[in-house]
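Hi,

Here is the structure I said I would pass on. Have a look at it first, and my notes follow underneath.

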Amino acid sequence: MNRAASQPEAKSESAKDVRRVSVLGSTGSIGKSTVDLLAGHRDRFTVEALTGHRNVQLLAEQAKALGAKLAVIGDAALYEELKSALSGTGIEAAAGTDAVIEAASRPADWLMAAIVGTAGLRPTLAAIAQGTAVALANKESIVAAGPLMLAAVEAAGATLLPVDSEHNAVFQVFDPAQRGGVARIILTASGGPFLRKSRAALATITPAEAVRHPNWSMGAKISVDSATMMNKSLEIIEASYLFNLPDEKVDAVIHPQSVVHSMVEYIDGSVLAQMGAADMRTPIAHTLGWPERIATTGQRLDLSGMLSMQFEPVDTARFPAVALARQAVRAGLGYPAVLNAANEVAVEAFLRGQLSFDKIEILAEQALQRVDIGRISTLDDIIALDAATRTIAENSLRTLQ
Ligand code: NAD
Ligand code: MG
């Protein structure tokens, strides 16, 4: 037997299968990095669909550059603009929420779910229902509907590939065959731009200051979440669902340099970490190539002498958002959806200048106390709960201003 021929690595680059992919939220920060990777590997992927929300010009440009079959703009009012930007290209244009869901339902081998917020929930679930391998950046969707999403993955034989840098790091070093030997997951957190600020100083933070993250370049919402550390709160819930571990086995630690992206500690004392530069193209590429690896031209970790790494505990008195995650996930299905929806309302209000920075987690905490969860067993229940929370949170906003 020809041993070499039987080994997967013996496949030449050109003999590799061409995979069909789609990108939801291609005009955002994760979306643009994904498009960038796809553009660098044109021979390996064909692009079925790209979706954006309002940036017609960028969406059309991306669709043309990648030769996508379909481009969808979420805002239905922008249909004509998209159609004219794509005229003569042969690329199909569509618009509106249902068209985004339809794009997600088209057959694909791999789909990037990078819409921000619970707006991504239905499209992400539509892709899962097709049995697609879904690269999940849209953490709000798994926070809101975790057990229902995982049941849908199971039912459709789909695969979830974590994109969030921490969860991708854990995914790379978590050995499912040794699940019983996992003592805990340790998520790293940079601490955001206000790590050393006093609680009192947080009251006057402006949106421009909050979106200026020291290590990562990201969309506005996740940048504010990183500054309040609500991002770590959402990530504790995300990790607990993705890796099927109780929240006591999911810890967070401050690591200001963002070199170690997260760790798994085993019961024998071994701690396995994944490291890299703070460049989302690495975790995205990991999911795009999975189960193999694909090359990136992104930043590389510079080990030529700079490397000093610090770790310290999270101060939950200054960043109470981190404690809210445990409260919500322990309370059960529905509570994480409330925490997430109230936070989305609070962050939008903060970015509009209608809520002070230090009140964001107060609004989320109030929602957890005020919303009547009721019986939650379907996706529609979660979507109704998300809407009810938004109404209550909008009302609370007035009292907090
Ligand atoms: P972003 O704001 O830069 O991009 C969001 C994308 O979603 C855009 O394409 C936008 O057009 C689209 N969108 C927004 N609202 C929509 C709606 N109602 N309907 C349809 N599409 C809509 O955000 P981002 O930073 O790229 O983050 C995307 C997701 O990935 C978030 O859930 C975030 O938490 C997660 N994530 C991001 C990073 C990062 O480095 N940026 C890291 C980890 C996880
Ligand atoms: Mg993260």
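**The five-stranded sheet**

Let me start with an open sheet of five strands, ordered S11-S10-S8-S9-S12, with mixed pairing. Its edges are strand S11 (271–275) and strand S12 (312–313); each has a single partner strand, so one side of each has no neighbour in the sheet. Keep in mind as you look that this is a predicted model.

At the S11 end, strand S10 (residues 260–266) runs antiparallel to S11, and five bridges join the two. If you want a spot to zoom in on, try Val 260, whose bridge partner in S11 is Met 275.

**The chain as a whole**

Stepping back, the secondary structure adds up to 16 helices and twelve strands. How does the radius of gyration sit with a compact globule? It agrees: the chain has 21 Å, and a compact globule of 401 residues would have a value near 21 Å. Along the principal axes, the C-alpha atoms fill a box of roughly 65 × 55 × 45 Å.

As for packing, 54% of the 401 residues count as buried. Take the contacts between residues at least 6 apart in sequence, and 68% of them join residues at least 24 apart.

**Surface and charge**

About 17100 Å² of the chain is exposed, with carbon and sulfur atoms supplying 51% of that. On the charge side, there are 36 positive and 43 negative side chains, and the centres of the two sets lie 2 Å apart.

Cheers

How values were computed
Residues numbered from 1 in each chain as written. Chains lettered and ligands numbered in written order. Predicted model: local features only at pLDDT ≥ 70, side-chain atom pairs only at ≥ 80, totals over all residues. Heavy atoms only, no water. Helix = DSSP H or I, 4+ residues; strand = E, 2+ residues; numbered from the N terminus. Rg over C-alpha atoms; globule rule 2.2 N^0.38 Å. Buried < 20%, exposed > 50% of the residue type's maximum accessible area, 1.4 Å probe, protein only. Contact = heavy atoms within 4.5 Å. Areas by Shrake-Rupley, 256 points an atom, 1.4 Å probe, with all protein chains shown as cover. Lys, Arg positive; Asp, Glu negative; His and termini not counted. Charge placed at Lys NZ, Arg CZ, Asp CG, Glu CD. Pairing = 2+ DSSP bridges.
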